[in-house]
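Me: Could you walk me through a structure in a few short questions and answers? I'm new to this, so keep it relaxed.

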Amino acid sequence: MARFLIALPVVVALVIGAAFFWGLDPDRDPGAVPTVLLSQPAPEFDLPPVEGAGVPGLSRADLSNLERPALVNVFASWCVPCRAEHAVLTRLVQEEGVPLMGLNYKDKPEDAAQWLRDLGNPYDRIGSDLSGRAGIEWGVSGVPETFVIDTAGTVVYRHVGPIVAADDLARVRSALAAAAGAAS
Amino acid sequence: MIPELGHFALTLALMAAVVQSVLPMLGAARNNALWMQSAVTTSVVQVALVGVAFLALMRSFVVSDFTVRNVVENSHSLKPMLFKVAGTWGSHEGSLVLWVLILAIFGAGVATLGRNVPDGLKARTLSVQAWVSVGFLTFLLFTSNPFERVFPPPMDGQDLNPLLQDVGLALHPPLLYIGYVGFSIVFSFAVAALIEGRVDPAWARWVRPWTLAAWISLTAGIALGSWWAYYELGWGGWWFWDPVENVSFMPWLLGTALLHSAIVTEKRDAFKSWTILLAILTFSLSLLGTFIVRSGLLTSVHAFAVDPERGLYILGLLGITVVGSLTLYAARAPKLEGGGLFAPISREGGLLVNNLLLATATAVVLFGTLYPLFVEAIADEKISVGPPFFNASFIPIMLPLVAIMAVGPLLSWKRADLPGVLSRLKWVAGLTALAALGAWYVDTNGPALAVLAIAAAVWLLSATLREWALRIKLGAVPLIASWRRARGLPRAAHGMTLAHAGLAVCIIGFTGSSAWKEEVIKFGEPGTEVAIAGFDIRFEGVERLRGPNYISDTGTLIVTRGGEPVTVLRPERRSYPVANSQTTEAAIRSTVAGDLYASISAPSDEKSLAAGKWTLRILYEPLVGFIWLGTVMLVVGGILSLSDRRLRVGAPRRTVATPPVGATPAE
């Protein structure tokens, strides 16, 4: 027993070392979060509008017959990075006409409405997910998060975190373009 | 020319290290005094050569030599001089040169100062130290040459990451490295002792000052990093349980355990194999830190340029060092035991519990840090482990540690009289109860853990002061006699008192600033008012100012309390056009009671910008200043202890038995 205990540190070190060796694989991106939804139809959900936001609510049906690929953005007024992302999304809507759907995650409708009044509302539709139930369906790991949906309502890309850096935006754009190309 | 000279010096240093890693070890085995002596020479030669390389690199930064790729990537001609110098260790390559330099300095330190260390042990220790040197010098030369030239040289550099252009962070890496790398010499001592197969109190006495020196630096380095995060990141927190913070914290926890277990080895000839294991593991965790920061294995706010090849190389180094030394340990440690026996209630017993709790805490932090990687490797799922896990698991381990820590110094060696000790702590217990009631009264609906933590801190602080007062017989004898006794106490005793009290002060700060923090995040335009913690704050607007290599948007916040002006806070948002990035400079008004903390961030769209709208983040962090005060006490306590004559590295050994330094005087 004592012998075994004395050798225990080596064993633990070897196990940790093996995990490190595995982790060094150059193809592994520690920042990437996989999604079970990729290439799957968007999940079933039906959310009421955010009161005072002035746009209709969001459901699965609204994503089925789109004219062009759209973004579904998970946001909340309590989320600071969402503010940073908001300007980028607004520009994307105004300059490129990308349809933008909002999923207002675990947020009081009056706070969300105030937030949209302060910053402007680029969303075509916003579903109020007060309980976070729809967020579970979408497999949301945090706020903000953005999904690219093709015209048939299939999830083609998922971005975790705010879209602010140029390469974030480039990836979202290319996912949108790929979805548009596949549809036509 | 000079960069090539630096490169050449590094190559020569590698040669010296190779010689040193073989010759003294053989000399010790064959009892060849000349071969053993060679370690002293090669150690000094190594430090000189690496010093030349370091200065050569620093010169390239100082004169902005843009023919050197490293300078191009990490400096700019307009950067203030301090940050040009600090740029030397701002990059992966430069910081490795610093790493190797500190490694060499510690080796040369033992070679020149350790005159009373027996030749055999010294030769073996320096040889082991040279193995580590060879590993890192080859890593530097083969994968991360800092002196690489670039042609054609660009007109100007790409600037150092602006977040790092800060006095706190200019000094943070050197201190942290002295800590990390300082444990290397302790590791070398441990491996040398395993090779010799002998550990005795003398061994512990030689090792302790080096451990202490490394520990002091690591404490200061971590505190400086934490302070930097507090005022520079603009999030208003000082610890985030980020993987990179954790990897610097783990060697600290285990190093603290080592510091205490080495006392037992020194005084009582016990805990030998445990002390050796701690010495090996502490340095292993330091290497682990280096590996994680430089391999991009985990996502973190800090990271050097990620390169899998480098990651693989350090993993190899880490593997050889850790697995090699632990295997040697497994083979040799069973022969080491023996030594003084002791009753469960004794100084040894207290230190044993201290060690077990610190080791458990380290294991918890290690587990939490690596768990996401394991889950991903086995189940291919991504998870993250955040502050809730660490707070829930780490604090319950720390509270009993603090409770025992207060009593430990009062216990005598071998067998202690617990009722007697506790009876001396009557007033301390009363004070603790009072503090708990006070904390509960101030915030009746607050977290119960906060009340408990405040009680623990007051218990530790007052028991520590009580122990010190007992030792100098404060109150029992005339004041002048107490003063004489205080002067007669070894400095290590004062150091311990100060360090333990410092931890108590830190805990007050940790608790206040996390449990009773107030925070307001608001969209502000000129005229917006915010009320927080009794202060009224009026946002006046933002003006654009120009710095040496940045543009600053400085906000003005007028703070009043009950109509009386208090202060004006000027948080900044700085843009560095060359590096194309931004930093936050929080404005902080510090008082003993707490910090009023303000930071601003840019409006998210043009419309708000035109309207002068900014996001204001205002926090009130009660008692946060105690954290910095407490860490200063920890560091000064450590330095005081290090300056103790008994520990001084060059001090001649006394022939008479030293009385146990921590013992309570007989009454």
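What follows is a run of questions about chain B of this predicted model.

Me: Which domains is chain B divided into, and how many Å separate the centres of domain 1 and domain 3 of chain B?

Reply: The assignment gives domain 1 (1-156), domain 2 (166-333 + 351-386), domain 3 (425-515 + 627-642) and domain 4 (518-622). Taking the centres of domain 1 and domain 3 of chain B over C-alpha atoms, the separation comes out at 42 Å.

Me: Are helix 7 and helix 10 of chain B parallel, antiparallel, perpendicular or oblique to each other?

Reply: Helix 7 of chain B covers residues 167-196 and helix 10 of chain B covers residues 272-295, and their axes come within 8 Å. They cross at roughly 140 degrees. An angle has to be over 145 to count as roughly antiparallel, and 65 to 115 is the roughly perpendicular range. Helix 7 and helix 10 of chain B are therefore oblique.

Me: How many nonpolar, polar and charged residues are in the contact of helix 7 of chain B with helix 10 of chain B?

Reply: Helix 7 of chain B brings residues including Phe183(B), Phe187(B) and Ala190(B), while helix 10 of chain B brings, among them, Ile276(B), Phe283(B) and Gly289(B). Gly goes in the polar group, by the way. The split is 12 nonpolar, five polar and no charged.

Me: Is Asn31(B) buried or exposed?

Reply: You'll find Asn31(B) in the loop between helix 1 (2-30) and helix 2 (33-62) of chain B. Its phi is near 60 degrees, a positive value in a residue other than glycine. A residue with 12 or fewer other C-beta atoms within 10 Å counts as exposed. Asn31(B) has 10 such neighbours, so Asn31(B) is exposed.

Me: And is Lys473(B) buried, exposed or partly exposed?

Reply: Lys473(B) sits in the loop between helix 16 (448-471) and helix 17 (479-488) of chain B. Phi of Lys473(B) is positive too, near 55 degrees. With 15 other C-beta atoms within 10 Å, Lys473(B) is partly exposed.

Me: Which peptide bond is cis, with omega near -5 degrees?

Reply: Look in the loop between helix 6 (119-143) and helix 7 of chain B, where Pro152(B) is found. The cis bond is the one from Phe151(B) to Pro152(B).

Me: How many Å apart in space are Pro388(B) and Ile314(B)?

Reply: Pro388(B) belongs to helix 13 (residues 387-407) of chain B. Pro388(B) and Ile314(B) are 74 residues apart in sequence. Going C-alpha to C-alpha, the distance in space is 31 Å.

Definitions and conventions. Residues are numbered from 1 along each chain as its sequence is written. Chains are lettered from A and ligands numbered from 1 in the order in which they are written. This is a predicted model: local features need pLDDT of at least 70, side-chain atom pairs count only at pLDDT 80 or more; totals for chains, interfaces and linings use all residues. Axes are lines fitted to C-alpha atoms, for helices over the stretch in contact, and angles run from 0 to 180 degrees between N-to-C directions. Helices (H or I, at least four residues) and strands (E, at least two) are DSSP runs, numbered from the N terminus. Angles under 35 degrees count as roughly parallel, over 145 as roughly antiparallel, 65 to 115 as roughly perpendicular and the rest as oblique. Two residues are in contact if their C-beta atoms, placed from the backbone, lie within 7 Å. Domain bounds come from an automatic or database domain assignment. A residue is buried if 20 or more other C-beta atoms lie within 10 Å of its own, exposed if 12 or fewer, and partly exposed in between; C-beta atoms are placed from the backbone.
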